[in-house]
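Hello,

Please find the structure below, followed by notes on what turned up in it. Have a look at it in your viewer as you read.

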Amino acid sequence: MPLNLEKNFEQPDDFYQTLIDAHRDLSDAQSQSMNAQLVLLLANHIGDMAVIEQALALARGNVLSVMPNEAG
């Protein structure tokens with residue numbers, strides 16, 4: 001099964017608001033931990049390593065194109 005990149009939400013703004021609400025009142029460290037836990041939970045739900053690898057590669061590529069290596 002390939003990674004679905006088509007719109008797959010009836011109301012994407014509701015998802016975004018729910019995500020923002022879930023981070024409310026968390027410290028930066030807690031927010032980062034929550035994001036990591038969310039990624040692991042959703043990856044487990046997907047359960048298809050090829051789809052997970054495709055999603056990780058796409059997300060990493062997007063970050064690198066928007067935020068070039070800041071360490072250098």
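**Notes on the model**

Leaving aside residues up to four places away in sequence, S31 touches H23 and L26. This is a predicted model, so please read the values below as computed from it. S31 itself lies in helix α2, which covers residues 28-46. Its relative accessibility is 18%, and since buried means under 20%, S31 counts as buried.

**Overall build**

The protein has 3 helices and 0 strands, and the order of elements from the N terminus is α-α-α. Along the principal axes, the C-alpha atoms fill a box of roughly 40 × 35 × 20 Å. The radius of gyration is 14 Å, whereas a compact globule of 72 residues would have one near 11 Å. Of the 72 residues, 6% count as buried; S31 is one of the buried residues. The accessible surface is about 6400 Å², and carbon and sulfur atoms account for 58% of that area.

**Helix α1 and the surface patch**

Helix α1 takes in residues 12-23. How far apart are the end C-alpha atoms of α1, and what span should its 12 residues have? The end C-alpha atoms are 17 Å apart; at 1.5 Å a residue the expected span is 16 Å, so the two agree.

Y16 is found in this helix, and Y16 is also part of a nonpolar patch on the surface. The other members of the patch are F9, F15 and I20. Together the four residues have about 400 Å² of accessible area.

**The salt bridge**

The count of salt bridges comes to 1. Which side chains meet in it? They are those of R24 and D21, with 2.8 Å from N to O. Side chains of opposite charge can pair when their charged atoms come close. Neither partner is buried: R24 has a relative accessibility of 47% and therefore counts as partly exposed, and D21, at 35%, is also classed as partly exposed.

**Between α1 and α2**

D25 follows α1 and has a positive phi, near 70°. D25 is a residue other than glycine, with that positive value. Its place is in the loop between α1 and α2. Is D25 buried or exposed? Its relative accessibility is 74%, so D25 counts as exposed.

S27 lies in the loop between α1 and α2 as well. With a relative accessible area of 34%, S27 is partly exposed. S27 and S65 are 38 residues apart in sequence, and their C-alpha atoms are 27 Å apart in space.

**Helix α2 and what follows**

Helix α2 has 19 residues, which should span 27 Å at 1.5 Å a residue; the end C-alpha atoms are 27 Å apart, so the expected and modelled values agree. After α2 comes G47, whose phi is positive, near 70°. A positive phi near 70° was also noted above for D25, after α1.

Besides S31, another residue of helix α2 to look at is A43. A43 has a relative accessibility of 21%; because buried means under 20%, A43 counts as partly exposed. A43 and A55 are 12 residues apart along the chain, and 9.7 Å separates their C-alpha atoms.

**Where to look**

If you have time for a few places, start with the contacts of S31 to H23 and L26. Then turn to the salt bridge between R24 and D21, and to D25 in the loop between α1 and α2. The nonpolar patch of F9, F15, Y16 and I20 can be viewed on the surface.

Regards

How values were computed
Residues numbered from 1 in each chain as written. Predicted model: local features only at pLDDT ≥ 70, side-chain atom pairs only at ≥ 80, totals over all residues. Heavy atoms only, no water. Patch = residues over 30% accessible without salt bridge, like charges linked within 9 Å, V, L, I, M, F, W, Y side chains within 5 Å. Areas by Shrake-Rupley, 256 points an atom, 1.4 Å probe, with all protein chains shown as cover. Helix = DSSP H or I, 4+ residues; strand = E, 2+ residues; numbered from the N terminus. Expected span 1.5 Å × (residues − 1). Buried < 20%, exposed > 50% of the residue type's maximum accessible area, 1.4 Å probe, protein only. Contact = heavy atoms within 4.5 Å. Rg over C-alpha atoms; globule rule 2.2 N^0.38 Å.
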